[in-house]
Amino acid sequence: MKVLAENKAFGGRQLVVSHPSAACDCEMTFGLYLPPGEGPFPVLWYLSGLTCTHENAMVKAGAQAWAAREGIALVFPDTSPRGPGVADDAAYDLGQGAGFYVDATQAPWAAQFQMWTYVTAELPAVLADFPLDLTRQAITGHSMGGHGALTIAATFPDRFRSVSAFAPICNPTGSDWGRKQFAAYLGTEDVSAHDASLLWAKGVDLPLLVDQGQADKFLDLLKTETLEAVAGPRATIRRQEGYDHSYFFVSTFIEDHVVFHARALKA
């Protein structure tokens, strides 16, 4: 494991760390923000969206200021394996930068696109070397990362105290955006375990906050209304008039999300 960069931010430390990944069979990179103090710190995961690396949210979301105030660590994983020997596609929504937080079973993706295992098993083990309290975790994400946050939290409800998302892909089996990637990565197998709306319909009992911009050009693909119909009484789904899919939208409401998770993590 190598610390590639370290910057002081809001009294804490913003790290960029690389390590060899057995799950993805390549070198993986993640961002880790440690707030002021000695720790161990509760952890908020941030899963990024299509085309992003670990760096996008780390630089653009502005979460560190609020995490420092609340005493919470932030983890920014990458969105896929990367490198010259890693399979890719010309489309922005498949291949490198578009891992969709699943374990691929189809060629050429299966050899390295094991992002579910990476985020849920391998990276938590790597994080054990840092001053983190992994008994107190929460998770959030944007777009494809919102899909990942919702499905991972629903699958591991005892691991996470709260979940939130910005413009998440809520019902990928019900739109072209999801059916394409699931067919490529998972073939004809049952993909219901990777559809947040289908999972929440089974009665997931976690505090949930979702923000969706109403000027988002991907509204028809995100299917917010499908999740809202099944999310239950612990869900707050807010529609933000005039906001789009960008990090201007995310950074506007990131304080609300950090505070939302801080309450759950400190309860």
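I looked first at the residue after helix 5: Gly187 follows that helix, and its phi is positive, near 65°. Helices (H or I, at least four residues) and strands (E, at least two) are taken as DSSP runs, numbered from the N terminus. I note that this is a predicted model, in which local features need pLDDT of at least 70 and side-chain atom pairs count only at pLDDT 80 or more, while totals for chains, interfaces and linings use all residues. Residues are numbered from 1 along each chain as its sequence is written, and side-chain values use heavy atoms, with hydrogens and water left out.

I then examined helix 5 (residues 176-186), where Trp177, Gly178, Gln181, Phe182, Tyr185 and Leu186 are buried (under 20% relative accessible area, 1.4 Å probe, protein chains only). Viewed down the axis of helix 5, these buried residues fall within an arc of 110° (from directions between the helix axis and the C-beta atoms), so they line one face of the helix. They pack against helix 4 (144-155) and helix 7 (219-222), contact being heavy atoms within 4.5 Å.

Next I traced the sheet. It is open, has nine strands in the order 1-2-3-5-4-6-7-8-9, and shows mixed pairing; two strands pair if DSSP finds at least two bridges between them. Strand 1 (2-9) and strand 9 (235-240) are the edge strands, each pairing on one side only.

I checked one pair in detail: strand 7 (residues 160-166) and strand 8 (residues 208-213) run parallel and are joined by four bridges. Ala165 stands opposite Val210 in strand 8.

Finally, I found that helix 4 packs on the sheet, touching strand 4, strand 6, strand 7 and strand 8. The direction of helix 4 makes about 155° with that of strand 7 (axes are lines fitted to C-alpha atoms, for helices over the stretch in contact, with angles from 0 to 180 degrees between N-to-C directions).

How values were computed: Buried means under 20% relative accessible area, exposed over 50%, partly exposed in between (1.4 Å probe, protein chains only).
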